[in-house]
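Here is a short briefing on selected packing features. Please have the structure open while you read.

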Amino acid sequence: MTFVNKNIFLLLVLITSNVFAQSTLQQQYEYANHLFNQEKYYDAVTELKRLQYFDEENKFSYQSNLLIGKSYKFGAKFDEAVKYLTLAEIYAKSEEEYFVAKTLNARTNILRRTTKRAERILNDLLNDPRFRSNEKEIKYWMGWKYIFSDDWEKAYEIFNENSLDTALASLCKLVDQEKYSVNFAKYSSYLIPGFGQFYTGEYINSALSLGWNILFGYLTINAFVEDRIFDAIIIGNFLWLRFYSGNIQNAEKYAVQKNLEISDKALEYLQYSFKGERP
Amino acid sequence: MLKLFFFITLLSSLIYSQQIDFNSPSNIKLFADYLFCDKDYFRAIDEYEKYLQIVEDDSVQFKIAIGYSAINDQSNAYKKFSSIKLTSSFYEQSKIEMLKSLYLQNIDSSYFLYADILTHSQSPISNNAYRLKNSSLLLIKNDLPEKENFLIPFENEEKKSLSNFYDLKNNPPYKSEVRAGILSAIIPGAGKIYTYDYGDGITAFILTGLFAYLAYTNFEHNHPTRAWIFTAIGAGFYAGNIYGSVASAQIFNARVNFEFNEGVKLFLEEKNYFVPTNDFCK
């Protein structure tokens, strides 16, 4: 009986020590995760790097690299974030882990404005048969990629497809409609100097452009009429042509500038007021 | 059977209960060294400071100072280097590092005072200090010493570069602002061509000439109103051309100074400010 009691006691001790001998690496990971949840990203990265240094068997490589990448992303250090998220992809042990790391990598590239790289990552995911069921989510981020590439029309098409996100689709359509046509502004100024500036709402500049062109046009033609051919060529070439080409450049410049203002306003709304998921 | 079961359970508890003391001094230092070699100096400094609270170690103090210097916090680097004790093996090097920190903060009288002290100290780093001090003279407005004296502390391969800098400092290739203005007054645009601003020079010449011609020809053909308009515009371009030529000479001279200073700074950076290097990451 005593022998049985002793063995049962020993067994209980061993089971307890086995169950509760939680790896200190696990504890370290949980501590780092706790710091991350408290938004103490600098400290979280320090503790995660400490975990990585002592984790000789790379048991926590995926989780630590992912969390470091997220911490850097929240701290707007996108270059470092991409580096660690790429490492997380490499150390991913399952398809789900790989997908999470890869989409985060794409989102970070969108924020970093390296949209070509984001597109490549998202296309890789779209073409990967393992992630067919995640197509909606991938297309959602593709839409955001087009927003950051300033291609609001394509972004609208993506968000409108199968009503992926109606709020974003409406916003993209609105922005696309508000934007000025740079080509129209430029080519209309070829026909009527100052019209491009008028089209973009720069009325004073439009009036000045038109005025200068009329003045030097008149002086050139007048010189030709009075048979002062050399004068006409000089005024036409150095004055009228200068103001005419300047008018076209101005029209294009104002259209581009106004379009930037419209895009920036939309991006500001997305940053501060949009309630949906953002990169 | 029961004994085998106990053995397996004991073995598994030993395998799975990985006990690492992250806060032991040795582990803190190991991690700090890893961060230092990874160039994550902010974190390395934090870890080294934690280590120093437990263990006194002059090499760690020195690394903290190097870390501050690497992240360009020269004020803290200087403080840390100055706290290295006389008995430390890093003492001599910390002196020249302090001089480097002072140089990177500001080349002023306190920098030169300390440089003189080190130069005359007859320590292993006195020649390093002498070289840094003489190189710094190129970056201030004061007169340089005689060329022979200036080049004394330098090695042969360095003498050639410093000799060029010395000559440039004494005879910089400036352009005269007065000459540029006068040239443009005589021939519009000539002052700008004198300062190698060819595009602007030709444009100024053409525009001023054009408006002068238009004014003349309109007066000749009895269009006084237009003629006076072109005269006014032409006069404006002529005055602007003179002003622009003077400004062009000033910009040219500023660029000469800027390129010279950047050249000297780059030379010093490549030489690591004549400070011996320690590779702690071998």
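What follows covers one helix, one buried lysine, the nonpolar cores and the aromatic pairs. The model is predicted. Helix 2 of chain A turns one face inward. The largest nonpolar core holds 68 residues. Aromatic pairs number 48 over all chains.

**Helix 2 of chain A**

- Helix 2 of chain A runs over residues 24–37, which makes 14 residues.
- From first C-alpha to last, helix 2 reaches 20 Å, close to the 20 Å expected at 1.5 Å a residue.
- Its buried residues are T24(A), L25(A), Q28(A), Y29(A), A32(A), L35(A) and F36(A).
- Viewed down the axis of helix 2, these buried residues fall within an arc of 145°, so they line one face of the helix.
- The cover over the buried residues of helix 2 includes helix 3 (41–54) and helix 4 (61–74) of chain A.
- At the N-terminal end, S23(A) acts as the cap of helix 2. A side-chain oxygen of S23(A) lies 3.1 Å from the backbone nitrogen of L25(A).
- After helix 2 comes E39(A), with a positive phi near 65°.

**K192(B)**

- K192(B) sits in helix 12 of chain B, residues 190–194.
- Its relative accessibility is 13%; the cut-off for buried is under 20%, so K192(B) counts as buried.
- The side chains of K192(B) and D200(B) are joined by a polar contact of 3.4 Å.
- Not counting residues up to four places away in sequence, K192(B) touches S184(B), D197(B), D200(B), G201(B), G244(B) and S245(B).

**Nonpolar cores**

- In soluble globular proteins, nonpolar side chains tend to be buried together.
- Within the largest nonpolar core, L99(B) and L138(B) touch the most other members.
- Helix 3 of chain A gives the most to this core: six residues.
- Apart from neighbours within four places in sequence, L99(B) is in contact with Y111(B), Y114(B), A115(B), L118(B), A129(B) and L132(B).
- A second core is separate and has 31 residues, among them Y140(A), M142(A), Y146(A) and A266(A).

**Aromatic pairs in chain B**

- Two numbers describe a pair of aromatic rings: the distance of the centres and the angle of the planes.
- Over all chains, the count of aromatic pairs is 48.
- F90(B) and F280(B) have ring centres 6.2 Å apart and planes at 45°, so this pair is tilted.
- F90(B) lies in the loop between helix 5 (74–82) and helix 6 (91–105) of chain B, and F280(B) in the segment after helix 14 (224–270) of chain B, so the pair ties together parts 190 residues apart in sequence.
- F90(B) is buried, with a relative accessible area of 12%. F280(B) is partly exposed, at 26%.
- F150(B) and Y166(B) also form a tilted pair, 5.2 Å centre to centre with 45° between the planes.
- This pair links distant parts of the chain, 16 residues apart: F150(B) is in helix 9 (residues 147–151) and Y166(B) in helix 10 (residues 156–170) of chain B.
- F150(B) counts as buried at 0% relative accessibility, and Y166(B) counts as buried at 8%.
- Ring pairs also link F36(B), Y41(B), Y48(B), F62(B), F81(B), F90(B) and F280(B) into a cluster.

Terms used: Residues numbered from 1 in each chain as written. Chains lettered and ligands numbered in written order. Predicted model: local features only at pLDDT ≥ 70, side-chain atom pairs only at ≥ 80, totals over all residues. Heavy atoms only, no water. Helix = DSSP H or I, 4+ residues; strand = E, 2+ residues; numbered from the N terminus. Expected span 1.5 Å × (residues − 1). Buried < 20%, exposed > 50% of the residue type's maximum accessible area, 1.4 Å probe, protein only. Arc of directions from axis to C-beta. Contact = heavy atoms within 4.5 Å. Polar contact = N/O pair within 3.5 Å; in protein donor to acceptor, adjacent residues only side chain to side chain. Core = buried A, V, L, I, M, F, W, Y, C linked by side-chain atoms within 4.5 Å. Phe/Tyr/Trp six-rings, centres within 6.5 Å; stacked < 30°, edge-to-face > 60°.
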